Structure formats: structure tokens, C-alpha cells
Amino acid sequence: MMGLLLWKSPEAGKREKRVVLSERSVLHMRFVCAEVIRGPKTPSAALRRRTASAAKKLHRAGVTRVVLPPEFPFLAELEKCGVRPVSTLPLRRAMAAETVSWRLERQALTAGARVAVSGEQLTGELVRTVTELCLRCRYVLLDLPYGGEELSRQLRREYGVSLLLGPAKEQLEGAEALVLFGERQDLSRNNPVVLALYEGGEDTLPPLVLPPAMEERIPAGCDRPQLFSALREAGALRPGQISLGTSKG
């Protein structure tokens, strides 16, 4: 079962439980929702205790992964109870090509931009990303231990595009965008656009939007990439329904 933790503003003059558990449906996906009272003057120590209480309640309800509010500061309290945030890595990988284009456009770097992709193995996610990038960008460099030659032949045969295989370190560092499917401590990562698409890689998605009919059913106050990752994993969101746009509440 997936969890959802939300801050709740207290109602003036009303005695309320500090943590309330309920079941909530978002786009037909069921969540165990923990609402935690947080006022404008609630001390951090009190919020930490309430978070710990919410984590225990969620764990007892069978929750191991939870969608959190943005910039949630009490991860340690969740981890102590065996509850962790929903990973956004699958979603970030699925939207990597769109994210690269989005960021390059905002830096006016689309004309003749070179995009370098580095990975440890030829996975389906990497193939999809490289293919989409080749259709969006003129120059794509692929750094891969093996398997790049076959992918290059496939792309040339199906789309008439080519890859630059085996780029040197200087070429990777000189590209306008660098997409990393694995950690590369040997690279300076001073490229204008860098995507760290691996566990532990610090990266954020651009603002995400859904079709209007879906947007009105998304609860406010949650981390949208985490929520969309959970919905996508469950099949409640299909490929193509998530797009990049302006920030939503």
C-alpha cells in the first residue's frame, strides 16, 4: 500500500487530533493518507514528533513508501519506521529527453547543441532516451562500455540518424548537456545542463502538468514528482499524460 502525508492547517477554535489517518483516492489509486496538523507557529520539535507518530501509523497500515510534501525535512523519522519516500528516478529517466530539451531551450542553447549520454550498460531506459534525443537534437554522443555499435546501426537504419560513439572525456565535458545513467566522478559536470539519472543522484524535474481534467483531482501540498511517479507505477497515469510546463500549486 502506498502512503500520502500531507500538512493540514488547524481550524481556529477547534480541538483536533494532531495526526489523522484515512484512505484517499487519487485518479482511482488508493492511498493511506496521514494528515499532520501544522500551524504557522508550530515548533519544529512538535512537527518532528507528529511526523514520527504519522510514520508509525502508516507503517502499521502496511505502508512502506510515501508521497511527501515538497522539501520535507523529517526523513529520518520516517526511516526509523521503515517508511521511505517514493523514488522519482523512473519518472526522471522516462522524461529525460524532454527535460534536456526543456532546459536547453531556457538557456537558448538548442541550436547545434551537443548532448552526451553516459551509461554503464545498454538498458531499455537508456535506449529510449538516446533514441528520443537523436530525434530532438542534431549531435548525440554515447559513452557506453559495449552495445553502442548495434544501437547506432539501428538508429541509422530506422531514423537516418547517427551517434558519436566512444567520446573522449573532453568531449563529454564540452557538451551542452550531459545525461548520466551512472555516477562519473571523473567528470567535472560543469556542462550547462546535467541530468544525474541514478540512485543518489541529486536532480530535479522541471514543473510537471497533467491534462486539466486530471489536474483538478490532484491534491495540493504534495511533492508532484513523487505523486506522479507513484501514479505512473500503478498505471493510473499513462505515458504522454505528463508534460513539462509552468509550476502548479
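In this tour, two residues are in contact when heavy atoms of each come within 4.5 Å. Keep in mind as you click around that this is a predicted model.

**Stop 1: colour by confidence**

Start by colouring the chain by pLDDT. The average is 93, and 98% of the residues score at least 70. Which element has the lowest mean pLDDT, and which the highest? Strand E12, residues 243–244, has the lowest at 92, while E4 has the highest at 98.

**Stop 2: the mixed sheet**

Now show the strands of the open five-stranded sheet that reads E2-E3-E1-E4-E5, where the pairing is mixed. Strand E2 (19–26) and strand E5 (84–85) sit at the edges with a single partner strand each, so one side of each has no neighbour in the sheet.

Select E2 together with strand E3, residues 29–37. These two run antiparallel and are joined by eight bridges. To see individual partners, pick Leu 21, whose bridge partner in E3 is Ala 34, then Ser 22, whose bridge partner in E3 is Cys 33. The E2 and E3 hairpin has two residues between its strands, and there you can pick out Leu 27, which takes a positive phi near 50°.

Next, look across to E1. E1 and E3 pair in the parallel sense, over seven bridges. Here Trp 7 has Val 36 as its bridge partner in E3; remember that tryptophan, since the tour comes back to it.

Is E3 largely enclosed or left open? Seven of its nine residues are buried, so E3 is largely enclosed by the rest of the structure.

**Stop 3: two helices on that sheet**

Keep the sheet on screen and add helix H1, residues 44–60. H1 packs on the sheet and touches strand E1 (2–8), E2, E3 and strand E4 (65–67). The direction of H1 makes about 155° with that of E3.

Then add helix H9, residues 224–234. H9 lies across E1, E2, E3, E4 and E5, and runs at about 160° to E3.

While H9 is lit up, click Pro 225, which is found in this helix. Pro 225 has a relative accessibility of 22% and counts as partly exposed. Leaving aside neighbours within four places in sequence, Pro 225 is in contact with Thr 88, Leu 91, Leu 205 and Leu 208. For a distance to draw, try the C-alpha atoms of Pro 225 and Arg 92: they are 8.6 Å apart, with the two positions 133 residues apart along the chain.

**Stop 4: the aromatic cluster**

Back to that tryptophan. How many aromatic pairs does a search of the whole structure find? There are two. Show the side chains of Trp 7, Phe 72 and Phe 74, which form one aromatic cluster.

The ring centres of Trp 7 and Phe 72 are 5.6 Å apart with planes at 25°, so this pair is stacked. The pair links distant parts of the chain: Trp 7 is in strand E1 and Phe 72 in the loop between E4 and helix H2 (75–79), 65 residues apart.

Now rotate to Phe 72 and Phe 74. Their ring centres are 5.9 Å apart and their planes at 90°, so the pair is edge-to-face. Phe 72 and Phe 74 are both buried, with Phe 72 at a relative accessible area of 10%.

**Stop 5: the parallel sheet**

Move on to the open sheet of five strands in the order E8-E7-E6-E9-E10, where the pairing is parallel. Its edge strands are strand E8 (164–165) and strand E10 (193–196), each pairing on one side only.

Select strand E6 (residues 114–118) and strand E9 (residues 177–180): four bridges join them, running parallel. In E9, Ala 177 is the bridge partner of Val 115. Then bring in helix H5, residues 124–136, which packs on the sheet and touches E6 and strand E7 (139–143). The direction of H5 makes about 160° with that of E7.

**Stop 6: Thr 129**

Finish inside H5, where you'll find Thr 129. Is Thr 129 buried or exposed? Its relative accessibility is 2%, so Thr 129 counts as buried. Follow its side chain to the backbone oxygen of Glu 125, which Thr 129 reaches at 3.0 Å. Then, leaving aside neighbours within four places in sequence, show what Thr 129 is in contact with: Arg 93, Ala 96, Ala 97 and Phe 181.

Conventions
Residues numbered from 1 in each chain as written. Predicted model: local features only at pLDDT ≥ 70, side-chain atom pairs only at ≥ 80, totals over all residues. Heavy atoms only, no water. Pairing = 2+ DSSP bridges. Axes fitted to C-alpha atoms, helices over the stretch in contact; angles between N-to-C directions. Phe/Tyr/Trp six-rings, centres within 6.5 Å; stacked < 30°, edge-to-face > 60°. Buried < 20%, exposed > 50% of the residue type's maximum accessible area, 1.4 Å probe, protein only. Polar contact = N/O pair within 3.5 Å; in protein donor to acceptor, adjacent residues only side chain to side chain. pLDDT = per-residue confidence, 0-100.
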